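Today I opened my notebook to look up charged side chains that pair with each other. Here is what I went through, step by step.

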Amino acid sequence: MICIVLKNNNPFYCLASEEYLLKNFDDDIFMLWQSDKTVVVGKHQNALGEVNYRYVRENAITVTRRISGGGTVYHDAGNVNFAFIKNVKSPAEISFKQFTEPVVEALAQLDIEATTSGRNDLLIKGLKISGNAEHVFKNRVLHHGTLLFNSDLENLGNSIKVIPGKYTSKAVQSNRSKVANISPFLKNEMDIEAFIDFLIGVQLKKDGAESYTISAADNEAINKLVDDKFTTWEWRWGYSPKYTFTNKVEIDGRTLEIHLEVKKGHIESANLQGNYFDAAYLAELTAALVGKQHFYETIRDVLKTDNEELIYAFF
């Protein structure tokens, strides 16, 4: 097994690294990485339906999509992400426990008792400290998870706080859980750098484990994957399953009802009602929305306004 600590905190780069290592290496791999503040949605989720869109935009929180399924998680500099990549003979060999157990055992060395939940989370005293997901490629499996160490839990909660009922689809829905950081449960004080050193050290003590540094060739291939896939609008937003958006707002004493049918991130049909606009402009606006991206800048341009209350009514 090779052990890697990524030295890049760009979330797109980190997620692309996982895919690159999964698909281009033959070794079993253990990797740790951190990223700037970002919300990461599962492959089969509706990104807009999983985030507090206004909050993440106004607080410069990136929204990314990973290649594994499962629910939405939050990353920042106080969170450590771990990834196991392993060769398997058949899918029957794959279980969450075989990948979460080494983390549980490592935490036990710090006198922290972590347990697994029925939803593939890791808990301390019933509070979620880790969300996990998997992706299988040929005879290899990627298992990755978060480890909330000293994350900004207020940012976390606000980033994924959504108003139910606006988005309807067959997309995978996240299960919201009460979360906690690991650091308050430590008997001896430790900063996050020491925590990372501890986790990688536990793995390096295992037979056959050795350190690996991302090479220049690796880096070039990863950056290409970042540009071609992970930063693209089509992957981050357009990959969301087909959905319906509905909302009713009152702005300046006038009402606007919005109904959108969206496929691959583009508005297939729109129905606007209410007295916010006069009837003629309402019809013109409805027609103008069809075919456009369901995205802030695009909606702003169609509405020809900087009125944020009006723009955010569409999200």
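Which residue does Arg 54 meet in a salt bridge? I looked it up in this predicted model, and the partner is Glu 308, with N to O at 3.7 Å. That fits the rule, because a salt bridge needs the nitrogen within 4 Å of the carboxyl oxygen.

Next I checked where the two residues sit. Arg 54 belongs to helix H3 (residues 53-58) and Glu 308 to helix H11 (residues 308-312), so their contact ties together parts that are 254 residues apart in sequence. I also looked at exposure: Arg 54 is partly exposed at 26% relative accessible area, and Glu 308 is partly exposed at 33%.

Then I followed the pair outward. Arg 54 and Glu 308 are in a network of salt bridges with Glu 58 and Glu 309.

My second pair was Glu 297 with Arg 57, a salt bridge with N to O at 3.1 Å. Here, too, distant parts of the chain are linked: Glu 297 is in helix H10 (residues 296-303) and Arg 57 in helix H3, 240 residues apart. Glu 297 is partly exposed at 26% relative accessibility, and Arg 57 is partly exposed at 33%.

My third pair was Arg 300 and Asp 301, whose closest N and O atoms are 3.5 Å apart in a salt bridge. Is Asp 301 buried or exposed? I found that Asp 301 counts as exposed, at 51% relative accessibility, whereas Arg 300 is partly exposed at 28%.

Last, I noted the total: the count comes to 13 salt bridges.

Key. Residues numbered from 1 in each chain as written. Predicted model: local features only at pLDDT ≥ 70, side-chain atom pairs only at ≥ 80, totals over all residues. Heavy atoms only, no water. Salt bridge = Lys/Arg side-chain N within 4 Å of Asp/Glu carboxyl O. Helix = DSSP H or I, 4+ residues; strand = E, 2+ residues; numbered from the N terminus. Buried < 20%, exposed > 50% of the residue type's maximum accessible area, 1.4 Å probe, protein only.
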